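Visitor: I'm new to this one. Could you pick a single part and walk me through it closely?

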Amino acid sequence: MSELNRLDPSYLEETIGYKFKNRKYLLTALTHSSYANEGKHLQSNERLEFLGDAVLSIVVSEHLYAKFRSKQEGDLTKLRSSLVCETTLCGFAKKIGLGEYIMFGRGEKHSGGDKRPSILADAFEALIAAIFLDGGMEQAREFVMGFVLEELQHPNVRKTRDYKTMLQEIIQQNAEEKISYVLTGESGPDHNKHFTVEVHLNSNVIGKGGGRSKKEAEQNAAKEALELMGY
């Protein structure tokens, strides 16, 4: 019996309202790197996460652009950031019990990986990509909007603190300045990774940050840059 059958993802398909034509996409979306690295001959969900992040951004951006016609670029960027941030995506993943279906290596499972926000958010993005590859953009959009429309009803959705966006808005006042994030360190076992990131203004380091995910490290680097700048 395969791992996918053992986990019985048909319940997950019922929950999200989408049945995969090719179960391989779903299997990959549910495969954490710690499980793939144990020699299971499976691909982890990291590549799908990359694609899902892009699909999510397009779907959300398109909706906000059409719905909020009077809002300027900066306000739309803040709103989008609050909808695609790690905290929000983790909440989406919890709504469908996604952590119960993710396949982990022994160390990651025992350390509570199925509850870690960064892992749940990444898996949710991977699931978006799996639906996109299996059923196309309209199916992916329908899946994403089922969460986004509900989230937009919450008054706190606009209050999510996004240090990267705050920093970008300050820097972009000068068109010649450019912000970039550079991964400078990665340590620890798969179940307890730590990432270190620098934020660069042109070629100068203006902030550093660490975290258990690259996104968290980037946010912390931007936060330090803002603090050093007096914000």
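Guide: Let's take one helix, H5, and then have a quick look at the cysteines. Keep in mind that this is a predicted model.

H5 runs over residues 46-67, which gives it 22 residues. From its first C-alpha to its last it reaches 32 Å, close to the 32 Å expected at 1.5 Å a residue.

Now for what is tucked away and what isn't. Buried in H5 are Leu48, Glu49, Gly52, Val55, Leu56, Val59, Val60, His63 and Leu64. They sit on the same side of H5, because the arc they cover around the axis is only 155 degrees. Here's the background: an α-helix has 3.6 residues a turn, so residues three or four places apart point the same way. Turn to the other side of H5 and you find Arg47, Phe50 and Tyr65 exposed.

What lies over those buried residues? The cover includes several other helices: H3 (23-29), H6 (73-84), H7 (86-95), H9 (117-135), H10 (137-151) and H12 (214-228).

On to the cysteines. Searching the whole structure for disulfides turns up zero. Cys85, for one, is in no disulfide, and its nearest cysteine sulfur, that of Cys90, is 9.9 Å away. The sulfur of Cys90 likewise has Cys85's as the closest cysteine sulfur, and at 9.9 Å that is too far for a bond. Both cysteines are out of the way, too: Cys85 is buried with a relative accessible area of 17%, and Cys90 is buried with a relative accessible area of 5%.

Technical notes
Residues are numbered from 1 along each chain as its sequence is written. This is a predicted model: local features need pLDDT of at least 70, side-chain atom pairs count only at pLDDT 80 or more; totals for chains, interfaces and linings use all residues. Side-chain values use heavy atoms; hydrogens and water are left out. Helices (H or I, at least four residues) and strands (E, at least two) are DSSP runs, numbered from the N terminus. The expected span of a helix is 1.5 Å times one less than its number of residues. Buried means under 20% relative accessible area, exposed over 50%, partly exposed in between (1.4 Å probe, protein chains only). The arc is that of the directions from the helix axis to the C-beta atoms. Contact means heavy atoms within 4.5 Å. A disulfide is a pair of cysteine sulfur atoms within 2.5 Å.
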